[in-house]
Amino acid sequence: MKGALPAVETLRWRDERLELIDQRQLPDRIEYRACHSAAETAECIRTMVVRGAPAIGCAAAYGLALEAQRLRGSAPAEFAAGLDRASAILAGSRPTAVNLFWALDRMRAARDGGGDRSGADIAARMLALAHEMAAEDVRINRAIGARGAALLPSGARVLTHCNAGALATAGHGTALGVIRSAIEAGKQVSVIADETRPFLQGARLTAWEMLREGIPVTLITDGMSGHLMSRGDIDAVVVGADRVAANGDVANKIGTYMVAVLARRHGIPFYVACPLSTIDMNTAHGRDIAIEERGPEEVLGFGASRWAADGVAVRNPAFDVTPAELVTALITERDVVFEPDSQGLGALFAP
Ligand code: MRU
């Protein structure tokens with residue numbers, strides 16, 4: 001891509017530790033935070049140093065691998081108990097993105113799946129799996145991108161909400177992966193990023209990612225999308241997901257539901273790009289998805305600035321649920337499911 005900078009490294013393994021780009025500092029500063037334990041990794045997930053469902057899953061896998069490295073010389077019972085504790089700490093970091101729990105389950109299976117081996121063997125195997133999950137995430141995002149790119153006409157002006165880009169994954173991104181793949185395929189596609197209050201993932205992260213690669217991007221505030229849709233200035237919406245229920249309901253960043261309703265009102269396709277690991281067949285309905293409520297400070301201001309009236313009550317749900325009926329198609333690495341429902345989603349997992 002024209003003017004492209006090297007791909008951003010959301011997570012990397014350096015000198016036997018996990019390093020995470022600190023997304024709270026972007027776009028002002030590129031700084032990496034080192035994690036040496038599961039507890040440090042969980043804290044980075046909770047405070048959103050790392051965020052985005054697939055990136056959270058990869059970070060959690062590395063968090064458990066770190067803990068296994070730390071404990072590899074302990075007695076077997078202590079090793080197992082330590083890893084159980086670490087897994088519980090990581091599982092408690094954020095509730096909505098199912099990739100976190102999916103990643104912890106895979107790591108647990110790797111821990112238990114090899115018969116009698118030393119702590120060092122198990123730790124090596126867990127680290128190898130964490131590396132593989134990160135590499136696999138990029139491959140999956142490229143497959144999602146290729147399927148999604150086929151849905152976008154050249155010239156499309158695509159609204160995206162939050163950041164479902166390289167920063168939200170191990171690389172390439174899901175929703176932004178669709179944009180990147182469309183551009184790689186020679187299509188002229190431009191992005192409209194809404195700012196995504198209150199954490200500003202659109203203004204800070206999506207805009208930064210797109211600008212770095214010379215992909216045309218225009219920033220709007222969250223309240224502007226209806227107006228632009230009504231004027232014919234948006235051709236498609238592509239967003240990511242934190243958890244898709246078995247009936248096709250989609251939990252994603254707060255404000256997604258509003259965009260989906262507006263898209264339907266204006267006859268604009270609303271696509272959700274996500275890996276199979278974001279689909280939770282054990283959760284029947286969107287209303288069963290745990291929605292994280294975060295602290296009031298994110299709504300009262302940003303960083304050191306505060307603009308709200310002192311003493312005002314605050315609600316800060318971090319996600320909302322878009323009913324399946326508003327989703328034009330779910331774009332996964334295996335297939336595109338139009339009008340997603342339990343049957344269509346079930347077929348994705350058929351052998
Ligand atoms: O609170 P965040 O920033 O972790 O929320 C992220 C989102 O809602 C993304 O859209 C979602 O995780 C998909 S990322 C590929």
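A polar contact here means a pair of N or O atoms within 3.5 Å. Keep that cut-off in mind for the first view of this predicted model.

**View 1. Three side chains reach the ligand's oxygen atoms.** In the side chain of Gln-201, an N or O atom is 2.8 Å from an oxygen atom of the ligand, so the pair falls within the 3.5 Å limit for a polar contact. Arg-51 does much the same job of getting there: a side-chain N or O atom is 2.8 Å from a ligand oxygen. For Lys-253, the distance between a side-chain N or O atom and an oxygen atom of the ligand is 2.7 Å. How much of the ligand does the protein bury? Taken alone, the ligand exposes 420 Å², and 99% of that is buried by the protein.

**View 2. A shell of residues surrounds the ligand.** Step back a little and you'll find 19 residues around the ligand, with Arg-51, Arg-94, Asp-242, Asn-252 and Lys-253 coming nearest. It's a mixed crowd: eight nonpolar, seven polar and four charged residues make up the shell. Helix H2 (53-71) gives at least two of the shell residues, and so does strand S9 (250-253). As for where the ligand sits, look to the largest cavity.

**View 3. Four strands line up in an open sheet.** Read across the sheet and the order is S11-S8-S9-S14, with mixed pairing. Strand S11 (279-280) and strand S14 (319-322) are at the edges; each has a single partner strand, so one side of each has no neighbour in the sheet. Strand S8 (residues 243-245) runs parallel to S11 where they pair, over two bridges. Which residue of S11 is the bridge partner of Ala-245? That's Asp-280.

**View 4. Two prolines follow cis peptide bonds.** Most peptide bonds are trans, but here are two that aren't. The bond from Leu-26 to Pro-27 is cis, with omega near 5°. Pro-27 belongs to the loop between strand S2 (17-21) and strand S3 (32-35). Arg-197 and Pro-198 are also joined by a cis peptide bond, this one with omega of about 0°. You'll find Pro-198 in the loop between strand S5 (190-194) and helix H7 (201-212).

**View 5. Cys-162 has a positive phi.** Most residues other than glycine have a negative phi. Cys-162 is not a glycine, yet its phi is positive, at about 65°. Look for Cys-162 in the loop between strand S4 (157-160) and helix H6 (175-184).

Methods
Residues are numbered from 1 along each chain as its sequence is written. This is a predicted model: local features need pLDDT of at least 70, side-chain atom pairs count only at pLDDT 80 or more; totals for chains, interfaces and linings use all residues. Side-chain values use heavy atoms; hydrogens and water are left out. A residue is near a molecule or strand if one of its heavy atoms lies within 4 Å of it. A polar contact is a pair of N or O atoms within 3.5 Å; within protein, one must be able to donate a hydrogen and the other to accept it, and residues adjacent in sequence count only if both atoms are side-chain atoms. Accessible areas come from the Shrake-Rupley method with a 1.4 Å probe; for residues, only the protein chains shown count as cover. On a 1 Å grid over the protein atoms alone, a cavity is a set of points where a 1.4 Å probe fits but cannot get out, and a pocket is an open set with protein on both sides within 12 Å along at least five of seven lines; lining residues have an atom within 4 Å of a point. A molecule sits in a cavity or pocket if more than half of its atoms lie within 2 Å of its grid points. Ala, Val, Leu, Ile, Met, Phe, Trp, Tyr, Cys and Pro count as nonpolar, Asp, Glu, Lys and Arg as charged, and the others, Gly among them, as polar. Two strands pair if DSSP finds at least two bridges between them.
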